[in-house]
Amino acid sequence: MASAGAPTAPEKLRMTQSAHSRPGRPRENSVNSEEAATKFRVRRLAAWFGSQQVLHGLDLDISKQRVTAIIGPSGCGKSTFIRCLNRMHELVPSARVGGEVRLDDEDIYGPGVDPVLLRRRVGMVFQKPNPFPSMSIRDNVLAGLRLTHQLARAHANEINEKALRSAALWDEVKDRLDEPGAGLSGGQQQRLCIARALAVEPDVLLMDEPCSALDPIATARIEDLIHTLRERYTIVIVTHNMQQAARVSDRTAFLLTGELVEYAPTDRIFTAPSDKRTEDYITGKFG
Amino acid sequence: MSPTPLKAHTDRQYDAQLDDLRARLLDMARRVEEMIANSVRALVNRDAALARRTIEDDHQVNRCEVEADELCLLILAKRQPMASDLRFLTLALKMVTDLERIGDLAVNICERAIDLSHVPEVKPWEEIPGMAAIVRAMVREAIDAFISRDVVKAQQVIDWDDEVDAQYRHVVLDLINVMVNDRSTVESGVMIQSVVKWLERMADHTTNIAEQVIFMVRGKDIRHLGKLPNQV
């Protein structure tokens with residue numbers, strides 16, 4: 001495969017074109033079904049920064065409309081892993097990817113895949129809330145969409161409200177949509193970033209330690225939001241907080257020095273993990 | 001399965017708290033084991049004074065229960081234990097309840113010992129000290145299994161419960177025969193029947209502890225194996 005080169009002509013991922021025009025599209029699986037369909041199929045995934053290999057042949061399936069937590073010590077490759085899921089890893093000079101990542105059975109590193117369109121389907125929320133400081137709340141929400149679409153005012157308002165409601169922020173900001181996003185609290189800014197990611201109607205939300213800069217109340221709001229978003233989106237969350245992984249996720253993957261040590265239902269991982277290394281890590285006996 | 005040595009936590013204060021909890025459980029188990037021995041000794045020797053002293057000892061066991069519970073809650077709140085630590089904590093919470101209950105049953109035996117010391121002896125019940133010896137050994141071994149994380153020892157405790165059940169049935173049948181043949185023995189006979197029932201209940205509580213030890217070590221729940229609906 002799949003080294004991360006410049007995309008050629010958009011192929012199947014072009015199907016996601018006006019993503020926001022697909023509201024209410026039927027989902028194949030209800031959130032209550034026992035067996036969820038596979039959203040990402042990852043095989044032999046390897047990643048490098050220059051000559052340094054940081055991921056070593058990861059194999060795992062990520063379920064649709066489920067929350068998957070990625071845990072592991074600093075430097076184990078958690079963030080690199082999720083950045084391989086929307087081809088952000090390749091944005092770093094000298095970064096390379098090997099192996100296979102299939103999204104809805106389509107190779108995201110295949111020829112003709114447009115990484116920009118891919119990133120609209122696979123949105124990302126970062127550790128530190130990063131709203132555009134000079135933009136209003138409304139413009140922040142619509143920023144991603146405006147990169148590729150001319151929006152009529154009424155349509156823009158509709159998308160804006162829907163995204164802010166989905167991010168559980170609407171009631172707090174509906175009377176000050178034209179004020180700068182930077183004026184919000186840290187927790188509100190993070191939900192604004194989630195609203196920005198949701199405005200383009202992605203299938204998947206990648207969250208890279210989304211609560212590490214937030215206080216416990218703001219963290220609880222985000223976790224509550226994750227629980228709600230799980231009904232419509234596939235969520236992959238990187239977290240250093242074991243309790244958070246235990247609270248919010250359905251399955252947990254433990255990475256260590258770029259290898260997948262254990263991947264199992266979260267209830268199992270945090271009560272009776274199979275691998276001694278997982279046990280030592282989550283009980284604080286590491287190193 | 002050979003016992004697995006415990007690896008130290010990076011945070012040594014956490015290890016110190018877990019060690020403190022282990023020590024408290026050991027102390028509580030030691031007191032309970034002594035109460036079993038003394039309650040049966042008071043019964044057999046018709047020693048009401050020993051029975052009363054043993055009843056007093058139960059206050060210490062109750063204090064141990066409250067303190068161990070408090071420490072468990074503190075560790076749960078401050079450390080949010082995971083995996084084997086979590087299983088250890090849940091075991092500790094259940095174990096103190098079982099130990100406290102065994103202490104209460106020893107008090108019951110003491111109360112019967114006091115009552116029986118005032119009435120003529122029906123006959124020497126040689127099986128009762130033997131039963132009590134097995135129950136004491138079960139408590140001791142269950143705690144040893146807990147400390148050393150030894151599932152073989154824990155399984156042995158579970159197996160001994162069958163022996164206690166067999167002795168219980170034997171003594172009860174014997175009692176029924178005595179009471180049928182001599183109606184004047186009924187009052188004492190019923191009291192003796194209670195005593196052996198309580199010893200049998202002590203063995204059941206100890207079996208609970210041993211089953212929890214196996215869960216703590218292996219992460220596999222063996223309780224009611226094959227008897228629950230939908231159980232694999």
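**Close-up views of chains A and B**

**View 1. Helices α3(B) and α6(B) run roughly antiparallel to each other.** The angle explains the label: the two axes cross at roughly 170 degrees, and angles over 145 degrees count as roughly antiparallel. This is a predicted model, and in it α3 spans residues 83-116 of chain B while α6 covers residues 186-218 of that chain. Their axes come within 9 Å. Look at the residues that make up this helix contact and you will find 20 nonpolar, seven polar and eight charged.

**View 2. Chain A meets chain B through 16 residues on its own side and 14 on the side of chain B.** About 1,200 Å² is buried between the two chains, with carbon and sulfur atoms giving 50% of that area. On the chain A side, keep an eye on Q243(A), T283(A) and K285(A): these residues lose the most area to chain B, together 42% of what that side buries.

**View 3. A salt bridge links K285(A) with D85(B).** The closest N and O atoms of this pair are 3.9 Å apart. Across the interface of chains A and B, the count of salt bridges is one. Polar contacts between the chains join six residue pairs, both residues of each at pLDDT 80 or more.

**View 4. Helices α8 (242-248) and α10 (276-282) of chain A each give two or more residues to the side that touches chain B.** Here α10(A) gives the most, with four residues. Taken as a whole, this side of chain A has seven nonpolar, four polar and five charged residues.

Conventions:
Residues are numbered from 1 along each chain as its sequence is written. Chains are lettered from A and ligands numbered from 1 in the order in which they are written. This is a predicted model: local features need pLDDT of at least 70, side-chain atom pairs count only at pLDDT 80 or more; totals for chains, interfaces and linings use all residues. Side-chain values use heavy atoms; hydrogens and water are left out. Axes are lines fitted to C-alpha atoms, for helices over the stretch in contact, and angles run from 0 to 180 degrees between N-to-C directions. Angles under 35 degrees count as roughly parallel, over 145 as roughly antiparallel, 65 to 115 as roughly perpendicular and the rest as oblique. Ala, Val, Leu, Ile, Met, Phe, Trp, Tyr, Cys and Pro count as nonpolar, Asp, Glu, Lys and Arg as charged, and the others, Gly among them, as polar. Contact means heavy atoms within 4.5 Å. Buried area is the accessible area (1.4 Å probe) that two parts lose on being put together, summed over both. A salt bridge is a side-chain nitrogen of Lys or Arg within 4 Å of a carboxyl oxygen of Asp or Glu. A polar contact is a pair of N or O atoms within 3.5 Å; within protein, one must be able to donate a hydrogen and the other to accept it, and residues adjacent in sequence count only if both atoms are side-chain atoms.
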